[in-house]
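User: I should like a close look at one part of this structure, with the reasoning set out step by step. Please begin from the aromatic side chains and work outwards to their surroundings.

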Amino acid sequence: FLNLFYFLLLLRFGETKEGDIVRHDGKTSDGYLEHIFKHAAKELFGMDVKEITYKALKNKDFQEVTLEKDGETLLRFAAAYGFRNIQNMVLKMKKGKFSYHFVEVLACPGGCLNGKGQAQGDDGKPDKALLNRMAEVYAAIPIRLPETNVQVQKMYQDWLEGVDSKKAQETLHTKYSAVNRTANNLDIKW
C-alpha cells in the first residue's frame, strides 16, 4: 500500500528521476514491519534499534520479532505469510491466544517477491536462483525513511494541512473496535 502511495505522490508532485527509486528499511520488499518496529521502539521506549532478529516459529513463513529490556518483552511483532498462517493467526485471535502488538500479513508464502506469477520457472514452480537475484537487486536499492521523503512532507503541508492536523488524522489513521456478533447465518467461519 505505501509503495503505491509513494508512486501516486510522485505522479501528483513531480516526475520520477534517477535516484527517486528508494525502499523502506527491511529485509525484503514485503511490508513495513521492520520500519514500524524500529520507529515504535524509538518513539515508545526511547530505544534505537539498529538490527532486528527474526525468529521462525512454526515455519519460515511465520516469524516473530521482540524488543526486550531487563527480561521484559516491550514489543512483540509477527510476520505471517501465506493463507495457512493467516488462518492459524485468525483462529488464535478468536481464542484470545495471540499476543502481538503488530502483525504483518501477506498472502504469498515467502512474501511478495515469491508472489504468484513472479520468480517462477517454466514449470510453474518457484525459481530459487531468480528469487535470490530479485532479493539482491532489491537490497541494492537505497533506503529512505518515509518520514524524510520530500514528497511526503509536501503532501502533509499542501493537502493534509500539517502532520498533526485533524485532516491528517481523519485521512490516514484508523481505529479498530470489537464487532458485535450477530445471529446471521452469513457470518464467515474460519
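Are Phe-62 and Phe-98 buried or exposed? Please also describe the ring pairs, nonpolar cores and salt bridges that complete the picture.

Analyst: Phe-62 and Phe-98 are both buried. The model is a predicted one, and the values that follow are computed from it. For Phe-62 the relative accessible area is 9%, which falls under the 20% limit for a buried residue.

The aromatic pairs in the structure number 5. In one of them, the ring centres of Phe-62 and Phe-98 lie 6.4 Å apart. The planes of these two rings stand at 65 degrees, so the pair is classed as edge-to-face. Phe-62 belongs to strand β2, residues 62-69, while Phe-98 sits in the loop between α3 (83-94) and β4 (102-106). The pair therefore ties together parts that are 36 residues apart in sequence.

Phe-62 also pairs with Tyr-100, the ring centres being 6.2 Å apart. Here the planes make an angle of 70 degrees, so this pair too is edge-to-face. Tyr-100 lies in the loop between α3 and β4 and Phe-62 in strand β2, so this pair ties together parts 38 residues apart in sequence. Tyr-100 is buried, at a relative accessible area of 19%; the limit is 20%.

Phe-98 and Tyr-100 reappear in the nonpolar packing. Both belong to a core of 8 residues that also includes Ile-86 and Val-90. This core is separate from the largest one, which has 14 residues.

Within that largest core, the residues with the most contacts are Phe-37, Val-49, Val-65, Leu-67, Leu-75 and Phe-77. At least two of its residues come from each of α2 (33-45), β2 and β3 (72-81). Strand β3 makes the largest contribution, with 5 residues. Two of the residues with the most contacts, Phe-37 and Phe-77, are also linked with Phe-102 in a cluster of ring pairs.

Leu-67 shows the surroundings of one residue of this core in detail. Leaving aside residues up to four places away in sequence, Leu-67 touches Phe-37, Ala-41, Phe-45, Met-47 and Val-49, and also Glu-72, Thr-73, Leu-74 and Leu-75.

Charged side chains complete the picture. Side chains of opposite charge can pair when their charged atoms come close. The whole structure contains 7 salt bridges. One of them joins Lys-38 to Glu-34, with 3.6 Å between the closest N and O atoms. These two residues are 4 residues apart in helix α2, so about one helical turn separates them. Lys-38 is buried at 15% relative accessible area, and Glu-34 is likewise buried, at 11%.

A further salt bridge connects the side chains of Lys-50 and Asp-48 at an N to O distance of 3.1 Å. In this case Lys-50 is exposed, its relative accessible area being 65%, whereas Asp-48 is partly exposed at 47%.

The side chains of Asp-61 and Lys-60 also form a salt bridge, with 3.9 Å from N to O. Asp-61 counts as buried, at 10% relative accessibility, but Lys-60 is exposed, at 61%.

To return to the starting point, Phe-62 and Phe-98 are buried. Phe-62 forms edge-to-face pairs with Phe-98 and with Tyr-100, and these two partners belong to the separate core of 8 residues.

Definitions and conventions
Residues are numbered from 1 along each chain as its sequence is written. This is a predicted model: local features need pLDDT of at least 70, side-chain atom pairs count only at pLDDT 80 or more; totals for chains, interfaces and linings use all residues. Side-chain values use heavy atoms; hydrogens and water are left out. Rings of Phe, Tyr and Trp (its six-membered ring) pair if their centres lie within 6.5 Å; planes under 30 degrees apart count as stacked, over 60 as edge-to-face and the rest as tilted. Buried means under 20% relative accessible area, exposed over 50%, partly exposed in between (1.4 Å probe, protein chains only). A nonpolar core is a set of buried Ala, Val, Leu, Ile, Met, Phe, Trp, Tyr and Cys residues joined through side-chain atoms within 4.5 Å. Contact means heavy atoms within 4.5 Å. A salt bridge is a side-chain nitrogen of Lys or Arg within 4 Å of a carboxyl oxygen of Asp or Glu.
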